[in-house]
Amino acid sequence: MTVDAVGVGGGCPRWCRQLPGHLHLRDNGGDFHTALVAAIDLPAIDGLRGEAAVHLTLSQYVTGRTAGEPVIALDLSGEEDGGMDGLTIAEARSIADALYRAIAMLRGAWSSEDADVRA
Ligand SMILES: [Zn+2]
């Protein structure tokens, strides 16, 4: 892997959406490559939540000497930079697989008409 491929030394990985040369590396600290993958607005659901938003971002911490593992952050707070710690690719895959299973379990087993039955 080349130096630029991991984002050390001021070069950005291909996925980074910051301006070239954006890194400000210091002796005792580093900076982040980042990319916003999706910002999804969620409408309010009665009794469950108000309007919300999900931000999915990629980030990678980089110092002048090393580059951390790129991670995927899924922020459910609706606030910019208010999210959880990043997920590795394997962790994100596990969560995505679980979401697909949950969708499959509900698909065909629930419809909005079911809500009328409880009313
Ligand atoms: Zn970058």
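**Stop 1: two paired strands**

Start by selecting residues 52-62, strand β2, together with residues 71-75, strand β3: the two pair in the antiparallel sense over 5 bridges. You are looking at a predicted model, so keep that in mind on the whole tour. Now pick out single residues along this pairing. Select L56, and opposite this residue, in β3, you will find L74. Then select S59, whose bridge partner in β3 is V71.

**Stop 2: the other neighbour of β2**

Next, add residues 31-42 to your selection. This stretch is strand β1, which pairs with β2 in the antiparallel sense over 11 bridges. To see one of the matching positions, click on F32 and look across to Y61, its bridge partner in β2. If you are new to sheets, it helps to know that strands pair through backbone hydrogen bonds, either parallel or antiparallel.

**Stop 3: the whole sheet**

Keep β1, β2 and β3 selected and hide everything else. In what order do the strands of the open sheet stand? The order is β1-β2-β3, and the pairing in this sheet of 3 strands is antiparallel. Why is one side of β1 and of β3 left without a neighbour in the sheet? Both stand at the edges and have a single partner strand each, so one side of each has no neighbour there. Turn the view and compare the directions of the strands: neighbouring ones are turned by 20° against each other on average, direction ignored. While you are here, show the side chains too. In a regular strand, these alternate between the two faces of the sheet.

**Stop 4: the full chain**

Bring the rest of the protein back into view. There are 3 helices and 3 strands. From the N terminus on, you meet the elements in the order α-β-β-β-α-α. How much of the protein counts as buried? Of its 119 residues, 8% do. Among contacts between residues at least 6 apart in sequence, 27% join residues at least 24 apart.

**Stop 5: colour by confidence**

Now colour the model by pLDDT. The average for the protein is 81, and 76% of the residues score at least 70. Which elements have the lowest and the highest mean pLDDT? Helix α1, residues 3-6, has the lowest at 44, while β1 has the highest at 93. Select residues 1-7 and you will see that pLDDT stays under 50 throughout; for this stretch the model has 15 contacts beyond four places in sequence.

**Stop 6: the loop before β1**

Move along to N28, in the loop between α1 and β1. Is N28 buried or exposed? N28 counts as exposed because it has 6 C-beta neighbours inside 10 Å, and 12 or fewer is the cut-off for that label. Try the distance tool from N28 to G64: the C-alpha atoms are 9.1 Å apart in space, although the two residues are 36 apart in sequence.

**Stop 7: the way into helix α2**

Select T88, which sits in the loop between β3 and α2. T88 is exposed, with 12 other C-beta atoms within 10 Å. Leaving out residues up to four places away in sequence, T88 touches E69 and V71. You have already met V71, the bridge partner of S59. Add P70 as well: this residue is 18 residues from T88 along the chain, and their C-alpha atoms are separated by 7.1 Å.

Then step to I89, in helix α2. I89 is exposed too, with 11 other C-beta atoms within 10 Å. From I89 to E69 the C-alpha distance is 9.4 Å, across 20 residues in sequence.

**Stop 8: helix α2**

Finish by selecting residues 89-106, helix α2. Its 18 residues reach 26 Å from first C-alpha to last, close to the 26 Å expected at 1.5 Å a residue. How many of those 18 residues are buried? The count is 0, and α2 is hardly covered. For a last click, choose G108, which follows α2 and has a positive phi, near 85°.

Conventions
Residues are numbered from 1 along each chain as its sequence is written. This is a predicted model: local features need pLDDT of at least 70, side-chain atom pairs count only at pLDDT 80 or more; totals for chains, interfaces and linings use all residues. Two strands pair if DSSP finds at least two bridges between them. Helices (H or I, at least four residues) and strands (E, at least two) are DSSP runs, numbered from the N terminus. Axes are lines fitted to C-alpha atoms, for helices over the stretch in contact, and angles run from 0 to 180 degrees between N-to-C directions. pLDDT is the predictor's confidence in each residue, from 0 to 100. Two residues are in contact if their C-beta atoms, placed from the backbone, lie within 7 Å. A residue is buried if 20 or more other C-beta atoms lie within 10 Å of its own, exposed if 12 or fewer, and partly exposed in between; C-beta atoms are placed from the backbone. The expected span of a helix is 1.5 Å times one less than its number of residues.
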